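Student: Please take a close look at one part of this model, then connect that part to the rest. Give the cut-off for each term as you go.

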Amino acid sequence: MAIRIRQAAVGDGQAVAACMRTCWEESFLSYSPWCLTWFDSHRSDLGPTLDDRMSHGEYVWLAVDTESTTDGLLDLVGFAWAGVHLDAPTPLELESLYVRSRLHGTGLGQALMKTAIGDSPAYVMVYPDNARAKAFYRRNGFSPDGYLDDHRDEDPAYVLERWIR
């Protein structure tokens, strides 16, 4: 396996969506099966939506296995997504950081985060039960600020904590 990190381009949305779905299944199924139900019901719209967001200046970085493809798509083994939200505690949000479970602990998540947001002040939303992610963000200077993004009207487990640095 040879992994290269590169910036996503418009047209990569379907590959990002496929990687996101796989990572959700590998990492979040025990927290919230609703995630997969939501994803599957929005699958046809997700790729074009991601492409549209990238075309409007959001930054996505892809970890690509350069020796493989899946169903004609890039074989993405992870990605990081950063966006700007001026009404937040710091304008830079690490919106997504996903790495395939077989590559957890390899440093790929660290490399993606460094590429996407560097050492800048930022925030990230984390499932309260995701101990692996919380340990990762704590090592990188993030800590919870007490804000909860509560979506329990959609799923009893769908609550996110905001972590900032």
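Tutor: Helix 3 spans residues 108-117, and its buried residues are Leu108, Gly109, Leu112, Met113, Ala116 and Ile117. Buried means under 20% relative accessible area, exposed means over 50%, and partly exposed lies in between, with a 1.4 Å probe and protein chains only. The buried set covers an arc of only 130° around the axis, which puts these residues on the same side of helix 3. The arc is that of the directions from the helix axis to the C-beta atoms. Gly118 follows just after helix 3, with a positive phi of about 55°.

A note on the source: this is a predicted model, so local features need pLDDT of at least 70, side-chain atom pairs count only at pLDDT 80 or more, and totals for chains, interfaces and linings use all residues. Residues are numbered from 1 along each chain as its sequence is written, and side-chain values use heavy atoms, with hydrogens and water left out.

Now the neighbour. Helix 4 covers residues 131-139 and buries Ala133, Lys134, Phe136 and Tyr137. Seen down the axis, these residues fall within an arc of 160°, so they line one face of helix 4. What does this buried side of helix 4 pack against? The partners are strand 4 (92-99), helix 3, strand 5 and strand 7. The face turned away from the buried side carries the exposed residues Ala131, Arg138 and Arg139. Just after helix 4, Gly141 takes a positive phi of about 90°.

Helices and strands here are DSSP runs, numbered from the N terminus: H or I of at least four residues for a helix, E of at least two for a strand. The protein has 4 helices and 7 strands. Along the sequence they follow the pattern β-α-α-β-β-β-α-β-α-β-β.

Follow helix 4 to strand 7. This strand runs over residues 159-164, and 5 of its 6 residues are buried. Strand 5 (residues 123-126) is joined to strand 7 by 4 bridges, and the two run antiparallel. Two strands pair if DSSP finds at least two bridges between them. Within that pairing, Val124 has Trp163 of strand 7 as its bridge partner. Strand 6 (residues 143-150) also runs antiparallel to strand 7, joined by 5 bridges. There, Leu148 stands opposite Glu161 of strand 7. In a regular strand the side chains alternate between the two faces of the sheet.

Arg162 is found in strand 7. Buried or exposed? Arg162 is buried, with a relative accessible area of 17%. The Arg162 side chain makes a polar contact with the Asp145 side chain, at 2.8 Å. A polar contact is a pair of N or O atoms within 3.5 Å; within protein, one must be able to donate a hydrogen and the other to accept it, and residues adjacent in sequence count only if both atoms are side-chain atoms. Beyond four places in sequence, Arg162 is in contact with residues including Pro89, Tyr123, Met125, Ser143 and Tyr147. Contact means heavy atoms within 4.5 Å.

Back to helix 3, through Val77. Val77 lies in strand 3 (residues 73-84). At 0% relative accessibility, Val77 counts as buried. Setting aside neighbours within four places, its contacts include Leu108, Cys19, Ala63, Tyr98 and Leu103. Arg100 is also on that list. The C-alpha atoms of Val77 and Arg100 are separated by 5.4 Å, although the two residues are 23 apart along the chain.

Cys19 deserves a word. The structure holds 0 disulfides, a disulfide being a pair of cysteine sulfur atoms within 2.5 Å. Cys19 is in none, and its nearest cysteine sulfur, that of Cys23, is 4.0 Å away. Cys19 is buried at 4% relative accessible area. Cys23 also counts as buried, at 0% relative accessibility.

For contrast, take Gly11, in the loop between strand 1 (3-7) and helix 1 (13-27). Gly11 counts as exposed, at 55% relative accessibility. Gly11 and Met54 are 43 residues apart in sequence and 9.3 Å apart in space, C-alpha to C-alpha.

Last, the totals. Of 165 residues, 46% count as buried. Among contacts between residues at least 6 apart in sequence, 62% join residues at least 24 apart. The protein exposes about 8400 Å², and carbon and sulfur atoms supply 51% of it. Accessible areas come from the Shrake-Rupley method with a 1.4 Å probe; for residues, only the protein chains shown count as cover.
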